[in-house]
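Got the model open in your viewer? Here's a tour of what to select next and what you'll find there.

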Amino acid sequence: MKNKNYPLYENAPKITSLTEMLELKAKDRPNETGIRFRKGRKEIVEKTYLDVYREVRRAASWVDKNFDKGSHVAVIGENSYEWLMAYLAVVCTGRVAVPIDKELPAGEVEWLINKADVTKIFISKSYSDLVENLKDLQVMTLDELYKISESENEDFELYKPDKDELASIFFTSGTSGRSKGVMLSHGNIASEINGASAMFDPEGRSTLVVLPFHHTFGLIVATLMAYNYGENLFLNKSLKRIKEDLADSKPDLMMLVPLFVETFYKRLCDGIEKSGQKKRVETGVKVSQALLKVGIDRRRSMFKAIIEFFGGNLKYIICGGAPLNPFYVKEFRKYGVEILNGYGTTECSPCVAINRNYFKKDGSVGQVIDGTEAKTSEDGEVMFKGPVTMQGYYNDPEFTAEALIDGWYMTGDMGYVDEDNFVFLTGRKKNLIILSNGENISPEELEGDLQIDPGVNEVLVYDKDSKIIAEIFPEEDYMGNTEYFNALMEKVNKGRPLYKQIAAVKLRDEEFIKNTTKKIVRYKNIPQE
């Protein structure tokens, strides 16, 4: 199919709530495997769609009997089947689920719990120390809920909510300050699943879930939307097991953040280099590209060994959560794996744009999803409005008023929307470097060009005394190699106007301070006067 606009997909049922999603899957595909996960080192447990429905109803029956109506319930822990059961049991009884990042320090967890008015907590036993000082709250481990619910009523009728009822409070990652609690309704979540799935066809049956459930991309898109497609989900509990899980799950589809894509790419390059196959692969790429020009696609057979790195079946990667350099899209495409870059924000449930299977634009974060509008403000800030837009920030009317203007969510990202409704981003509004001569520079542009170099592990570009500084944490083999990075600076500067050129490179010997989603926290890393 040529790269042009085409009708939306109808490959997943339209839902009004997660309750309806569970019911439909149990009715339409009762005996098909919906979720798999590892138990211990070797055993892999399989749950059919009917199993999932029954077990959610059992857990929901217990929640309904023991938690007050309207309770705010925190769910904390590593990705697991038990985590999902707890979350679904909460939202499918009309309570409000509050997913919280397990990697946060206890003090921050306590602050978020108080901020969201949480009174009940489900937590993984491995992280129970995070809440041991919260004596006034009802705390139960995820394993305890799963075990105690085994004797509950599997015919319990799940709650059928109004679309505007609050379902979850998700906290933003806090890269530029304290986290805010984003209120998403049942309608927001259902609209996200409906709108995003109409843009994309998985063209397969298996997906490996690696992104954390406490984030909207990891939970709503990578897990719940995939479940609604009818995908067979394999839950990765720990990144230490990702190699084994790739081999066992053999995914057709993965949903990742750029850090994963960049890491996978560097591992691939290292593997090709160490195997002595670099020239052979380069020749293969030239041959396959020549064949593509005459309509013959042999990439997946020619680069079978590379695709085996991902389990052998991988065809699509949906990437979101942060900007991805188009370089990686082109590199993976050489081997027959298509990266579909998307754009989302917690405040929009989260995905609002995605490149489609057969309609995509490199350098874009995608076409706006069905039912959502996009435009830019007078100063170039991208705005979205639609059924996926949040209700507001919990107990934060001032921040809500700043973020939502006449129903439009102000993203803080600069960019534009083209004639085909594709969104292109140029950088964060608050990150813009404004030099004394009045010129504006997006640090993300320079960071992207530096990041693809094999010697760069992490990079941050900022302004110091009206000069652009690139601070780099090198890869291990390049540590302290000032000559190498000065040459890289000259390479990146070439062809750029003087005001956009890097004035100096600063090398560091330790990683930048990052949040738990592995995004560099700018305000904690940029030197202050």
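Start with the enclosed space: searching the whole structure turns up 4 cavities of 30 Å³ or more. Here a cavity is a set of points on a 1 Å grid, over the protein atoms alone, where a 1.4 Å probe fits but cannot get out. Grid points are joined across faces, edges and corners, and a volume is the space filled by probe spheres set on the points. Lining residues are those with an atom within 4 Å of a point.

Bear in mind that this is a predicted model, in which local features need pLDDT of at least 70 and side-chain atom pairs count only at pLDDT 80 or more, while totals for chains, interfaces and linings use all residues. Residues are numbered from 1 along each chain as its sequence is written, and side-chain values use heavy atoms, leaving out hydrogens and water.

**Stop 1: the largest cavity**

The largest cavity holds about 80 Å³ of space. Select Val329, Asn341, Asn355, Lys361 and Asp362: of the 14 lining residues, these are the closest to its centre. Helix H13 and strand S13 (338-344) each supply at least two lining residues, and the largest share, 4 residues, comes from S13. Helices (H or I, at least four residues) and strands (E, at least two) are DSSP runs, numbered from the N terminus. Colour the lining by class and you get 5 nonpolar, 4 polar and 5 charged residues. For that split, Ala, Val, Leu, Ile, Met, Phe, Trp, Tyr, Cys and Pro count as nonpolar, Asp, Glu, Lys and Arg as charged, and the others, Gly among them, as polar.

**Stop 2: the second largest cavity**

What does the lining look like here? The second largest cavity has about 60 Å³ of space. To see its walls, select Met21, Leu22, Ile35, Val52, Leu84, Met85, Leu88, Thr223, Leu224, Tyr227 and Leu233. Helix H1 (18-28), H3 and helix H7 (216-229) are the elements giving two or more residues to this lining. By class there are 10 nonpolar residues, 1 polar and no charged.

**Stop 3: helix H3 and Glu82**

Stay on H3, where 11 of 11 residues are buried; buried means under 20% relative accessible area, exposed over 50%, and partly exposed in between (1.4 Å probe, protein chains only). Among the buried residues are Tyr81, Trp83 and Val91.

Now pick Glu82, which sits in this helix (residues 81-91). Which side chain of opposite charge is nearest to Glu82? That is Lys237, 5.3 Å away, and Glu82 is buried with no salt bridge. A salt bridge needs a side-chain nitrogen of Lys or Arg within 4 Å of a carboxyl oxygen of Asp or Glu. On charge, Lys and Arg count as positive and Asp and Glu as negative, with His and the chain ends not counted. Leaving aside neighbours within four places in sequence, Glu82 is in contact (heavy atoms within 4.5 Å) with Leu142, Asp143 and Tyr146.

**Stop 4: Val63**

Hop to helix H2 (residues 49-66) and pick Val63. Val63 counts as buried because its relative accessible area is 0%. Beyond the neighbours within four places in sequence, Val63 is in contact with Ala89, Thr93, Arg95 and Phe122. Try a distance label from Val63 to Val456: the C-alpha atoms are 49 Å apart, for residues separated by 393 along the chain.

**Stop 5: the second largest pocket**

A pocket is an open set of grid points with protein on both sides within 12 Å along at least five of seven lines. The second largest pocket has about 760 Å³ of space. Of its 23 lining residues, Lys266, Cys269, Asp270, Glu273 and Pro454 are the closest to the centre. Helix H9 (258-275), helix H10 (278-293) and helix H13 (326-334) are the elements that give two or more residues to the lining. H9 gives the most, with 7 residues. By class, the lining has 11 nonpolar, no polar and 12 charged residues.

**Stop 6: backbone oddments**

Finish with the loops. Select Ser349 and Pro350, joined by a cis peptide bond with omega near 0°; Pro350 is in the loop between S13 and strand S14 (351-354).

Next, Asn421 has a phi near 70°, a positive value in a residue other than glycine. Asn421 lies in the loop between strand S20 (408-417) and strand S21 (422-428), and is partly exposed, at 29% relative accessible area.

Last comes Asp465, in the loop between strand S24 (456-464) and strand S25 (467-474). Phi of Asp465 is positive too, near 55°. Why does Asp465 count as exposed? Because its relative accessibility is 58%.
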